[in-house]
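Here is a short tour for anyone who likes to look at charges, burial and surface character together. Please open the structure and follow along.

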Amino acid sequence: MHYKSIKFSRDSQNNFIGELRKRVTNYFEENNLSRYANAHMVWKTVILVSAYIIPYVLMTTGVITGTWPLLLTWMFMGVVMSGIGFSIMHDANHGAYSKNKTVNKYLGYIINLVGGSSVNWKIQHNVLHHTYTNVEGADEDIDPGILMRLSPHAKHYKLHKIQHIYGWFLYTLMTFLWITTKDFRQLFRYKKMGLTKAQNININIQLTKLALSKVVYYLIFLVIPLMTIALPWWQIVLYFIAMHMVAGFILAIVFQPAHVMPTTKYPLPDLDGNLENDWAIHQLYTTTNFSPKSFFLNWYVGGLNYQVEHHLFPTICHVHYPKISKIVRKTAEEFGLPYHSQPTFWKALALHAGMLKKLGQPRLVRA
């Protein structure tokens, strides 16, 4: 079913989202707070961007040398790359970093400097994933192709029986796909789906920008290191790949336990395209939090351990999620609605691993 045919229920179910929005708005007004980034967020931005640039400069100027120090430096950049994606790019491309659209626009371009495309990302993530979360055929986050089955409604192949084993390796390829073919294939697919037109994107101009951004990325992060680092070329290429494998793996194991879980649902529209719940309640059924008490994890993953709050309020900067989570949980409980949350990241990851195994079985089909 085409995504345009899918419709959420208009039954407000006692106006959960209306009441919740009122309470969250009151929280910001009563505490005289902005919904956007604060000084803490600005400092985090400076720290993460510096932690990505400085190691690169130290390698390419010969300050860091040697096989193992260089490998560890590349891998460290992969860790920081993920943090930048979680904490800076993500908020900016949601319009949550600043009330100034220009600030959001240029901070959102940071994804291009780590190999991706801000335009494609906003369509896949903001438009499709955030609207049709866990809906088979509409949410591309649960459609990685035939190699993995992340939805009980997806076609089953024999190889899926062991996806809980090989899937972890495939997760490492996430950003590697960004820097090769995925962005180009996505752009043409979105054109065919009418999404580029809906977003007022000129396909020829965007294709040119995309190609140029890839050239600039490879020039900075592969060609210049090949010219300046005193190691065999093949070794530098392997280190470059290792950086992306680290980043891809971290990104995947943070995003996947938020939705591909035994506690979340995979709603299907009826023959007329109608979903059972309204949009907000749909998010509660399809999203899971984890490790809400971890200060470090909340700092590093940009509040994405509060996925419920993020899906309900994507235009609020993540630094506010710990506080408003109390409001969201209380309101959900008052309305008799689910609020999924796992106490630790490791518990969430273990449940996700179990879900991969279950989804690998051909008979698992559920709502």
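The report below goes through salt bridges, a buried acid, a helix face and a nonpolar patch.

**Salt bridges**

Keep in mind that this is a predicted model. The count of salt bridges comes to 7. Three of them are set out here.

| Pair | Closest N to O distance |
|---|---|
| E19 and R23 | 2.8 Å |
| R189 and E140 | 3.1 Å |
| E334 and K330 | 2.5 Å |

E19 and R23 sit about one helical turn from each other, because they are 4 residues apart in helix α1 (residues 16-30). R23 counts as partly exposed, at 23% relative accessibility. In a similar way, E334 and K330 are both in helix α15 (residues 321-334), 4 residues apart and about one turn of the helix. E334 is partly exposed, with 43% relative accessibility. These pairs belong to a wider arrangement: a network of salt bridges links E19, K22, R23, K330 and E334.

The pair of R189 and E140 joins distant parts of the chain, 49 residues apart: R189 belongs to helix α8 (residues 174-193), and E140 to the loop between α6 and α7 (163-171). R189 is partly exposed at 32% relative accessible area, whereas E140 is buried at 15%.

**A buried acid without a partner**

Which side chain of opposite charge is nearest to the buried E309? That side chain is R329, at 7.1 Å, and E309 has no salt bridge. With a cut-off of 4 Å for a salt bridge, the distance of 7.1 Å to R329 is therefore no match. E309 is part of helix α14 (residues 307-312). Leaving aside residues up to four places away in sequence, E309 touches N289, Y321, I324, S325, V328 and Y339.

**One side of a helix**

In helix α4 (residues 101-108), the buried residues are N104, L107 and G108. They lie on the same side of α4, because they cover an arc of only 100° around the axis. Among the elements that cover them are α3 (67-93), α5 (110-113) and α6 (118-129).

**A nonpolar patch on the surface**

L219, V223, I224, L226, M227, W233, W234 and L238 make a nonpolar surface patch of about 820 Å². The elements giving two or more residues to this patch are α10 (203-228) and α11 (233-255). The largest share, 5 residues, is from α10. M227 lies in helix α10 and counts as exposed because its relative accessibility is 67%.

Definitions and conventions
Residues numbered from 1 in each chain as written. Predicted model: local features only at pLDDT ≥ 70, side-chain atom pairs only at ≥ 80, totals over all residues. Heavy atoms only, no water. Patch = residues over 30% accessible without salt bridge, like charges linked within 9 Å, V, L, I, M, F, W, Y side chains within 5 Å. Areas by Shrake-Rupley, 256 points an atom, 1.4 Å probe, with all protein chains shown as cover. Buried < 20%, exposed > 50% of the residue type's maximum accessible area, 1.4 Å probe, protein only. Lys, Arg positive; Asp, Glu negative; His and termini not counted. Contact = heavy atoms within 4.5 Å. Arc of directions from axis to C-beta.
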